[in-house]
There are 2 protein chains.
Amino acid sequence: MQRPDPFNAQCPTRQVLDRIGDKWAVLILIMLDRETLRFNALRRRIENISQKMLSQTLKSLERDGLVRREVFATVPVTVEYSLTELGRTLAKTVEALTLWAESHIEAVQEAQRRYDRGGHEMN
Amino acid sequence: MQRPDPFNAQCPTRQVLDRIGDKWAVLILIMLDRETLRFNALRRRIENISQKMLSQTLKSLERDGLVRREVFATVPVTVEYSLTELGRTLAKTVEALTLWAESHIEAVQEAQRRYDRGGHEMN
DNA sequence: CCGAATCCTGTTTGATACTG
DNA sequence: CAGTATCAAACAGGATTCGG
């Protein structure tokens, strides 16, 4: 194991892991991978997100170089969000996770039912 | 787009996404993918985790059928944690994320520095 | 339309102490 | 060794309001 160790809190890999750990960030990433969107359009697609969290998360994604923010001097102003190339590569990786989720969700739910019934047999 | 939509809060895919979103859960997954470990051994490897969070996270991972818990009637009692087959497949997928992190962390940090300097040029 | 600022609440987490 | 219980602190998140 000569790679940087994510268990060390100082490890930069941890930063990325934390970013992915952010529920809204992942959803926004997936959304913007599909299409460029304006603020309120994005907000309508991700139900239940507050404008505070949306703007906050977008800002941090922009800071990380994952999202590009473009302002157009229309009246009223138009702001478009899209993924950068860097963001697209991350979105692809995250996509693998959602695929895992879709194909294994049943197994997980079955395990939960078994656990909740009190029997903890597992394989 | 005919697959279940993770943006709907009711979608089960969201559950898995949330699980992955858990910082400790991911770290434990990676650790146990490397080797079977006992409670305190695990705790020592993941610095800064409280025993409360460790036990809590392990319990939920066990419930999801990702982690197997085995108790041995020694004195004092021995408890070993390992990944189930299901857990291993998830760990493999998560591994892809850590690989992304390692190879792109520099680009991210560079973007952050640029952003913090005030220039938001991006590509 | 696109946000920032403020306030306020509930969940998460950490410290500490205790049990089988 | 492997946890549970309890309490306080910290933080994330929502609602609301206001401004460019």
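Colleague: Which element gives the most to the surface near DNA strand D?

Modeller: That is α4(B), with four residues. Keep in mind that this is a predicted model.

Colleague: Which other elements give two or more residues there?

Modeller: First, some polar contacts of that strand. A polar side-chain atom of B:R69 lies 2.5 Å from a phosphate oxygen of DNA strand D. The side chain of B:K59 also has an N or O atom 3.4 Å from a phosphate oxygen of this strand. A:Q51 points to a base instead: a polar side-chain atom of A:Q51 is 3.4 Å from a base oxygen of DNA strand D. Now the elements. Chain A supplies α4 (51–63), and chain B supplies α3 (39–45), α4 and β3 (78–83).

Colleague: How many residues surround DNA strand D, and which are the closest?

Modeller: There are 17, and the closest are A:K52, B:R38, B:S55, B:R69 and B:Y81. By class, the surface has six nonpolar, six polar and five charged residues.

Colleague: What part of the strand faces the protein, backbone or bases?

Modeller: Count the strand's atoms within 4 Å of the protein. For DNA strand D, 62% of them belong to sugar or phosphate, and the rest to bases. For DNA strand C, 64% belong to sugar or phosphate, again with the rest in bases.

Colleague: Which residues are closest to DNA strand C?

Modeller: A:N40, A:S55, A:R69, A:Y81 and B:K52, out of 16 that surround the strand. They divide by class into six nonpolar, five polar and five charged residues.

Colleague: Which side chains reach phosphate oxygens of DNA strand C?

Modeller: Three examples, all from chain A. The side chain of A:N40 places an N or O atom 2.8 Å from a phosphate oxygen. For A:R38, a polar side-chain atom lies 3.2 Å from one. For A:K59, the distance from a side-chain N or O atom is 3.3 Å. The elements giving two or more residues to this surface are α3 (39–45), α4 and β3 (78–83) of chain A, together with α4 of chain B. α4(A) gives the most, with four residues.

Colleague: How are chain A and chain B related?

Modeller: The general idea: two copies of a chain are related by a rotation about an axis and a shift along it. Here, a turn of 180° with a shift of 0.0 Å along the axis lays chain B on chain A, at an RMSD of 0.1 Å. That is the relation of a two-fold axis. In chain B, the C-alpha nearest the axis belongs to B:G21, 1.8 Å from it. The same surface serves both copies, since 98% of the contact residues of chain B recur in chain A.

Colleague: What area is buried between the chains?

Modeller: About 5,400 Å², with carbon and sulfur atoms giving 66% of it. The contact takes 60 residues from chain B and 59 residues from chain A.

Colleague: How many salt bridges cross that interface?

Modeller: The rule finds two. One of the salt bridges in this model joins the side chains of A:D116 and B:R63, 2.4 Å from N to O. Eight residue pairs are in polar contact between the chains, both residues at pLDDT 80 or more. On the side of chain B that touches chain A, the elements giving two or more residues are α1 (12–21), α2 (23–34), α4 (51–63), β2 (67–72) and α5 (85–117). α5(B) gives the most, with 23 residues. That side of chain B divides into 30 nonpolar, 14 polar and 16 charged residues.

Colleague: How many salt bridges are there over all chains?

Modeller: The count comes to 12. Take A:K92 and A:D33, whose closest N and O atoms are 3.3 Å apart. This pair links distant parts of the chain: A:K92 is in helix α5 and A:D33 in helix α2, 59 residues apart.

Colleague: Which backbone features should I check?

Modeller: The general idea: most residues other than glycine have a negative phi, and most peptide bonds are trans. Now the exceptions. A cis peptide bond joins A:V75 and A:P76, with omega about 0°. A:P76 sits in the loop between β2 and β3 of chain A. The bond from B:V75 to B:P76 is cis too, with omega near 0°. B:P76 lies in the loop between β2 and β3 of chain B.

Colleague: What is phi at A:N48?

Modeller: Near 80°, a positive value in a residue other than glycine. A:N48 is in the loop between α3 and α4 of chain A.

Terms used:
Residues numbered from 1 in each chain as written. Chains lettered and ligands numbered in written order. Predicted model: local features only at pLDDT ≥ 70, side-chain atom pairs only at ≥ 80, totals over all residues. Heavy atoms only, no water. Least-squares fit on C-alpha atoms with pLDDT ≥ 70 in both. Contact = heavy atoms within 4.5 Å. Buried area = accessible area lost by both parts, 1.4 Å probe. Salt bridge = Lys/Arg side-chain N within 4 Å of Asp/Glu carboxyl O. Polar contact = N/O pair within 3.5 Å; in protein donor to acceptor, adjacent residues only side chain to side chain. Nonpolar A, V, L, I, M, F, W, Y, C, P; charged D, E, K, R; others polar. Near = heavy atom within 4 Å.
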